[in-house]
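User: I'd like to go through this model and ask how each label was earned. Can you set the values against the definitions for me?

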Amino acid sequence: MINSLYLKKYFYVFLFINFIFFLELGYKKIFAEEDIKDKKFKKESNFKEAMFYEKLKDKKVKCNLCPRGCVLKDGEIGFCRVRQNMEGMLYSLNYSKVAAINIDPIEKKPFFHFLPGTKAFSVACAGCNLRCKYCQNWDISQRGASDSIDRFLSPKELVDAALKSGAKSIAYTYSEPTVFYEYVIDSAKLAREKGLKNVVVTSGFINPEPLKELIKYVDAFKIDLKGFNEGFYLKYTSGGLKPVLESLKVIKNSKRHIEIVNLVIPGANDSEEDIRSVSKWIKENLGPEIPVHFTRFYPNYLMTQTPPTSKNTLIVARKIAMDEGLKYVYTGNIDNPEGETTYCPGNKIAIERRGFFLLKNNLNKGKCPDGTKIYGVFE
Ligand code: SF4
């Protein structure tokens, strides 16, 4: 009697455990299907399959867009926070998700020799493939794409908005256009069809093949040449100098317009040797006509204890670069009228600016009164 009661009890416990086990299996199955459905939905609606990647074994992928070459397992997200492996395919997570949008004077990018005095419809998506400790836009560059914060704007909507604003160009800027590559390409193709120019403000930390594809649709590049030694790049940006120099040569060979910015940071890249080396390299490899902007650092992000660059440092940097033979050298983020003006040979004023604003343009179809052609695109 006692034994049969115990057996019944164990039998019911056994049934109960099995019930829970099968319930859980079923839940997992349903959950997995929902998860996959959700991913498929997202793929169709928001995410864009990435360009420049290769499929590896076991659903791994290798991203070939930038020199990091992230190898990602299923579900993993790249260093830039905006490219994800989903079931063996790489997707851009920030496609059409706009994190910042503004209408800026093109001088603010800064471009001083490309359609001066015009407006650039400026757009950014989240993410970056560098980790600059002094990033001025870290609130968008150092995060992933977000459905709740970012605004959805298709390439067509972007181009329509730019046309409506009266801007002459779309600037892909603020964060790092390399990591919203597919959005740039699709938007730039459409923009060109509608008569708008495309300008890219980038670190140049991109592989040559995707860069060559990008160049087909872009009219002007502003490259941040952040320093001139590998140690600086590694310590302050987590990137590398060599790929950036390579990008500059590729763009130069393509004959696209280039301007270079060097943010001068006290104690990091402000030595005479640094400034002289970077100026020499530009002259020898890109030519003396490429405009160079030495700009002032302000304490920001992880470098709030470093003081701002002094005005004198920037004036000296400009002088060194001009002594090395560069023709168009500017200072930025300081009040220095001489360093904001473009001069013709003989020191006549070609274009006068104050800060980001054009005061007077004395050029006629890009030529000085004596007929000398100034480097750039002026109409
Ligand atoms: S673009 Fe992003 S995912 Fe691709 S290699 Fe660079 S950091 Fe990695």
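Analyst: Below we take the labels one by one, with the cut-offs as they come up.

User: What should I keep in mind before reading any of it?

Analyst: This is a predicted model, so local features need pLDDT of at least 70, side-chain atom pairs count only at pLDDT 80 or more, and totals for chains, interfaces and linings use all residues. Residue numbers start from 1 along each chain as its sequence is written.

User: How many helices and strands does the protein chain have, and what makes something a helix or a strand here?

Analyst: The protein chain has nine helices and 18 strands. Both are DSSP runs numbered from the N terminus: H or I over at least four residues for a helix, E over at least two for a strand.

User: What makes strand 7 and strand 8 a pair?

Analyst: Two strands pair if DSSP finds at least two bridges between them. Strand 7 (residues 97–105) and strand 8 (residues 119–125) have seven bridges and run antiparallel, so they pass that cut-off. In that ladder, D104 sits opposite A120 of strand 8.

User: Which strands make up the open sheet, and why are strand 9 and strand 15 said to stand at its edges?

Analyst: Nine strands form it in the order 9-7-8-10-11-12-13-14-15, with mixed pairing. Strand 9 (151–152) and strand 15 (329–332) each have a single partner strand, so one side of each has no neighbour in the sheet.

User: What lies on those strands, and how is a contact judged?

Analyst: Helix 3 (residues 155–165) lies across strand 7, strand 8 and strand 10 (169–172), at about 155 degrees to strand 8. Helix 9 (residues 311–323) packs on the sheet too, touching strand 13 (257–264), strand 14 (292–296) and strand 15, and its direction makes about 170 degrees with that of strand 15. A contact means C-beta atoms, placed from the backbone, within 7 Å. The angles run from 0 to 180 degrees between N-to-C directions, using axes fitted to C-alpha atoms, for helices over the stretch in contact.

User: Is L65 buried or exposed, and how do you know?

Analyst: Buried means 20 or more other C-beta atoms within 10 Å of the residue's own, exposed means 12 or fewer, and partly exposed is in between, with C-beta atoms placed from the backbone. L65 has 26 such neighbours, so it counts as buried. L65 belongs to the loop between strand 3 (61–63) and strand 4 (71–72). Beyond its neighbours within four places in sequence, L65 contacts F52, T178, Y181, I206, N207 and P210. One of these, I206, is 141 residues away along the chain, yet the two C-alpha atoms are 6.2 Å apart.

User: Which residues are around the ligand, and what classes do they fall into?

Analyst: They are C63, L65, C66, R68, G69, C70, G78, F79, C80, R83, N129 and V179. To be listed, a residue's C-beta atom, placed from the backbone, has to lie within 6 Å of the molecule. The shell divides into seven nonpolar, three polar and two charged residues. Ala, Val, Leu, Ile, Met, Phe, Trp, Tyr, Cys and Pro are the nonpolar class, Asp, Glu, Lys and Arg the charged one, and the others, Gly among them, are polar.

User: What makes E87 and L115 stand out in the backbone?

Analyst: Neither is a glycine, but each has a positive phi: about 55 degrees for E87 and near 45 degrees for L115. E87 is in the loop between strand 5 (83–86) and strand 6 (89–92). With 12 other C-beta atoms within 10 Å, E87 is exposed. L115 has 21, so it counts as buried. The loop between strand 7 and strand 8 holds L115 and also P110.

User: Why is the peptide bond from K109 to P110 listed?

Analyst: That bond is cis, with omega near -5 degrees.

User: How many bridges join strand 16 to strand 17, and strand 17 to strand 18?

Analyst: Two antiparallel bridges join strand 16 (residues 342–343) to strand 17 (residues 349–354), with T342 opposite I351. Four join strand 17 to strand 18 (residues 357–361), again antiparallel, and E352 has K360 as its bridge partner. Each pair forms a hairpin: five residues separate strand 16 from strand 17, with G346 in the turn at a positive phi of about 85 degrees. Two residues separate strand 17 from strand 18, where G355 in the turn has a positive phi of about 60 degrees.

Conventions. Contact = placed C-beta atoms within 7 Å.
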